[in-house]
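Here is a short briefing for a first look at this structure. Please keep the sequence and the view side by side while reading.

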Amino acid sequence: MNEQIRAREVRLVGPEGEQVGIVPLERALQLAADVDLDLVEVAPMARPPVCKLMDFGKFKYESALKAREARRNQQQTVIKEMKLRPKIDPHDYETKKGHVVRFLKAGDKVKVTIMFRGREQSRPELGYRLLRRLESEITDLGYVEAAPKQDGRNMIMVLAPHRAVKASAVAATASRGGPRERGAEEAGAPEAGETPEAGETGPTADTSGQ
């Protein structure tokens with residue numbers, strides 16, 4: 001920027017984006033001083049480098065504002081986890097399905113884990129059937145993002161909300177004052193069934209069937 005530029009000549013762009021052309025560096029610096037602006041390299045690898053006349057302090061301030069606004073409007077992707085047993089009690093199944101429905105309505109993805117124990121490991125079709133049943137009962141809210149697959153003693157499926165459902169959740173969150181970042185929920189432990197994203201830490205509640 002300004003005297004730190006080492007090129008002998010530069011391709012100069014005016015403050016309104018107009019092309020001035022290739023001029024000696026001294027001439028570009030003089031033009032910047034005449035209009036009380038900075039000479040900023042915007043394409044240093046070009047030959048000759050491209051420089052623009054601008055108020056660099058204002059540019060940095062506006063860039064910081066835009067970045068802050070983008071972070072404020074960004075909807076965090078949260079993956080919840082729901083654990084079930086292949087021979088889960090009907091009442092427990094309905095309760096856990098209710099949690100899945102609530103998570104999807106909130107715009108969150110859900111990792112559904114079927115946990116096999118002992119001889120249950122020889123009956124993977126029980127878990128597969130249960131996951132397919134759950135899939136068929138939440139089709140109005142979400143879809144299967146990752147198909148059921150065996151992972152050791154567990155079988156895992158990932159559900160994601162439909163775009164319209166997620167958009168509705170984002171709008172509802174915005175109307176309450178912004179993303180779910182620093183609220184009362186974050187001050188305490190995660191909700192039952194929540195799995196922290198990669199890079200986050202925190203306990204995951206055991207929501208397995210009894």
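Start at Lys97, a residue of helix α3. The model is a predicted one. Lys97 counts as buried, because its relative accessibility is 18% and the cut-off for buried is under 20%. Beyond its neighbours within four places in sequence, Lys97 is in contact with Leu134 and Glu137. Both of these partners are in α4, and that leads to the packing of the two helices.

**How α3 and α4 pack**

- Two packed helices are described by the angle between their axes and the distance between the axes.
- Helix α3 covers residues 90–105, and helix α4 covers residues 124–137.
- The two pack at an angle of about 50°, and their axes are 11 Å apart.
- That angle makes α3 oblique to α4, because it falls outside the ranges for roughly parallel, roughly perpendicular and roughly antiparallel.
- The crossing of α3 past α4 is right-handed.
- From α3, the residues that meet the other helix are Tyr93, Glu94, Lys97 and Val100.
- From α4, they are Leu130, Arg133, Leu134 and Glu137.
- Sorted by class, this contact has 4 nonpolar and 4 charged residues, with no polar ones.

**The chain as a whole**

- The chain has 6 helices and 9 strands.
- It is 210 residues long, and 33% of them are buried.
- The chain exposes about 13,100 Å².
- Carbon and sulfur atoms supply 51% of that exposed area.
- Take the contacts in the chain with a separation of 6 or more: 58% of them join residues 24 or more positions apart.

**A buried alanine in α1**

- Where is Ala28 found? Ala28 is part of helix α1, which spans residues 25–34.
- Ala28 is buried, since its relative accessible area is 0%.
- Which residues does Ala28 contact, leaving aside its neighbours within four places in sequence? They are Val10, Leu12, Val23, Leu39 and Leu53.
- Ala28 and Asp38 are 10 residues apart in sequence. In space, they are 9.8 Å apart from C-alpha to C-alpha.

**Backbone exceptions**

- Most residues other than glycine have a negative phi, and most peptide bonds are trans.
- The peptide bond from Arg47 to Pro48 is cis. Its omega is near -5°.
- Pro48 sits in the loop between β3 and β4. Strand β3 runs over 38–43, and strand β4 over 50–54.
- Asn2 is not a glycine, yet its phi is positive, at about 50°.
- Asn2 belongs to the segment before β1, a strand at 9–13.
- Is Asn2 buried or exposed? Asn2 counts as buried, because its relative accessibility is 16%.
- Asp36 is another residue other than glycine with a positive phi, near 55°.
- Asp36 lies in the loop between α1 and β3.
- Asp36 is exposed, because its relative accessible area is 69% and the cut-off for exposed is over 50%.

Terms used. Residues numbered from 1 in each chain as written. Predicted model: local features only at pLDDT ≥ 70, side-chain atom pairs only at ≥ 80, totals over all residues. Heavy atoms only, no water. Axes fitted to C-alpha atoms, helices over the stretch in contact; angles between N-to-C directions. Helix = DSSP H or I, 4+ residues; strand = E, 2+ residues; numbered from the N terminus. Parallel < 35°, antiparallel > 145°, perpendicular 65-115°, else oblique. Left-handed = near helix turned anticlockwise from the far one by under 90°. Contact = heavy atoms within 4.5 Å. Nonpolar A, V, L, I, M, F, W, Y, C, P; charged D, E, K, R; others polar. Buried < 20%, exposed > 50% of the residue type's maximum accessible area, 1.4 Å probe, protein only. Areas by Shrake-Rupley, 256 points an atom, 1.4 Å probe, with all protein chains shown as cover.
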